[in-house]
Amino acid sequence: MIQADVSQVAQLEAEITPSPWTPGMFYEELSLGSYCRTLEDAFGTLLGYSVARLLVDEWHLLTLGISLAYRRQGGAKLLLADLIQRAKEKGHPILLEVRASNLPARTLYQDMGFHFLYTRQGYYRFESGTEDAILLRYAPA
Ligand SMILES: CC(C)(COP(=O)(O)OP(=O)(O)OC[C@H]1O[C@@H](n2cnc3c(N)ncnc32)[C@H](O)[C@@H]1OP(=O)(O)O)[C@@H](O)C(=O)NCCC(=O)NCCS
């Protein structure tokens with residue numbers, strides 16, 4: 001991901017997540033040197049994105065999304081496999097939080113080898129109420 005991608009990435013995130021990041025949040029991660037990736041088709045159409053930040057010796061996967069039209073075609077697996085490869089280079093684990101009701105994402109992470117750590121009750125706050133966060137961890141072999 002480069003700065004010129006941010007408005008499209010933020011637009012996609014706004015279409016597919018209940019509490020989307022602002023463009024400024026993506027710019028900030030880029031300026032911090034976080035691991036920000038986009039997934040595009042052969043024509044340059046944006047299909048997905050991921051942002052992960054290395055905090056000392058742990059990767060934190062901060063956001064990940066795939067466009068509705070490209071779901072279940074292995075896009076998220078590709079982005080995650082890329083981050084896992086990166087994490088394995090120095091043996092760093094990956095942590096993430098996911099909404100308890102987000103079964104597609106929870107299934108994806110479980111399939112990719114992430115393990116349950118604990119539940120943070122009421123972590124996500126929406127106008128309609130709160131939702132628990134599930135914390136997951138990937139430990140490189
Ligand atoms: C979660 C998300 C990233 C998955 O993207 P995707 O490209 O469709 O996922 P993949 O095609 O790589 O799927 C990989 C595996 O994840 C699981 N999975 C993905 N979508 C699923 C669904 N709707 N139901 C059940 N399992 C699902 C499956 O195990 C799947 O493997 P399979 O297709 O061989 O059965 C996508 O649904 C999304 O962008 N959701 C909105 C944003 C979001 O929730 N991000 C995660 C924040 S923590």
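Does Glu 97 count as buried, exposed or partly exposed, and how many C-beta neighbours does Glu 97 have inside 10 Å? I shall open with that question, colleagues, and then place the residue in its surroundings. Please bear in mind throughout that the model is predicted.

Glu 97 counts as partly exposed, because 16 C-beta neighbours lie inside 10 Å, whereas a buried residue needs 20 or more and an exposed one has 12 or fewer. The residue belongs to strand β4. Along β4 the side chains alternate between two faces. Ile 94, Leu 96 and Val 98 point to one face and are buried; Leu 95, Glu 97 and Arg 99 point to the other face and are not buried. Setting aside neighbours within four places in sequence, the contacts of Glu 97 are Tyr 123, Ala 133, Ile 134 and Leu 135.

Let me now step back to the whole protein chain. The protein chain contains four helices and six strands, and their order along the sequence is α-α-β-β-β-α-β-α-β-β. The C-alpha trace spans about 40 × 40 × 30 Å along its principal axes. For 141 residues, a compact globule would have a radius of gyration near 14 Å, so the 15 Å of the protein chain agrees with that expectation. Of these 141 residues, 24% count as buried. Consider next the contacts between residues at least 6 apart in sequence: 51% of them join residues at least 24 apart.

I turn to the strands. β3 and β4 pair in the parallel sense, over three bridges, and Leu 61 stands opposite Leu 96 in β4. β1 and β2, by contrast, pair in the antiparallel sense, over six bridges. Within that pairing, Thr 38 has Tyr 49 in β2 as its bridge partner. β1 and β2 form a hairpin with five residues between them, and Gly 44 in the turn has a positive phi of about 85°.

The next topic is the interior. In soluble globular proteins, nonpolar side chains tend to be buried together. Here, the largest nonpolar core has 28 residues, and Leu 61, Leu 83 and Ile 94 touch the most other members. The elements that each supply at least two residues of this core are α1 (6-16), β1 (35-40), β2 (46-55), β3, α3, β4 (94-99) and β6 (129-138). The greatest contribution, five residues, is from α3. Ile 94 merits a closer look. Beyond its neighbours within four places in sequence, Ile 94 is in contact with Trp 59, Leu 61, Leu 83, Ile 84, Ala 87, Arg 137 and Tyr 138.

Finally, I come to the ligand. Which residues are closest to the ligand, among the 20 that surround it? They are Ala 76, Lys 77, Pro 104, Thr 107 and Leu 108. The elements giving two or more residues to this shell are β3 (58-66), α3 (75-90) and α4 (103-111). The largest share, six residues, comes from α4. By character, the shell divides into nine nonpolar, seven polar and four charged residues.

One distance returns us to the opening residue. Leu 108, one of the residues closest to the ligand, is separated from Glu 97 by 11 residues in sequence and by 13 Å in space, C-alpha to C-alpha.

To conclude, Glu 97 is a partly exposed residue in strand β4, on the face opposite to the one where Ile 94, Leu 96 and Val 98 are buried. Thank you for your attention.

Terms used:
Residues are numbered from 1 along each chain as its sequence is written. This is a predicted model: local features need pLDDT of at least 70, side-chain atom pairs count only at pLDDT 80 or more; totals for chains, interfaces and linings use all residues. The radius of gyration is taken over C-alpha atoms; the globule rule is 2.2 Å times the number of residues to the power 0.38. Two residues are in contact if their C-beta atoms, placed from the backbone, lie within 7 Å. A residue is near a molecule or strand if its C-beta atom, placed from the backbone, lies within 6 Å of it. Ala, Val, Leu, Ile, Met, Phe, Trp, Tyr, Cys and Pro count as nonpolar, Asp, Glu, Lys and Arg as charged, and the others, Gly among them, as polar. A nonpolar core is a set of buried Ala, Val, Leu, Ile, Met, Phe, Trp, Tyr and Cys residues joined through C-beta atoms within 7 Å. Two strands pair if DSSP finds at least two bridges between them.
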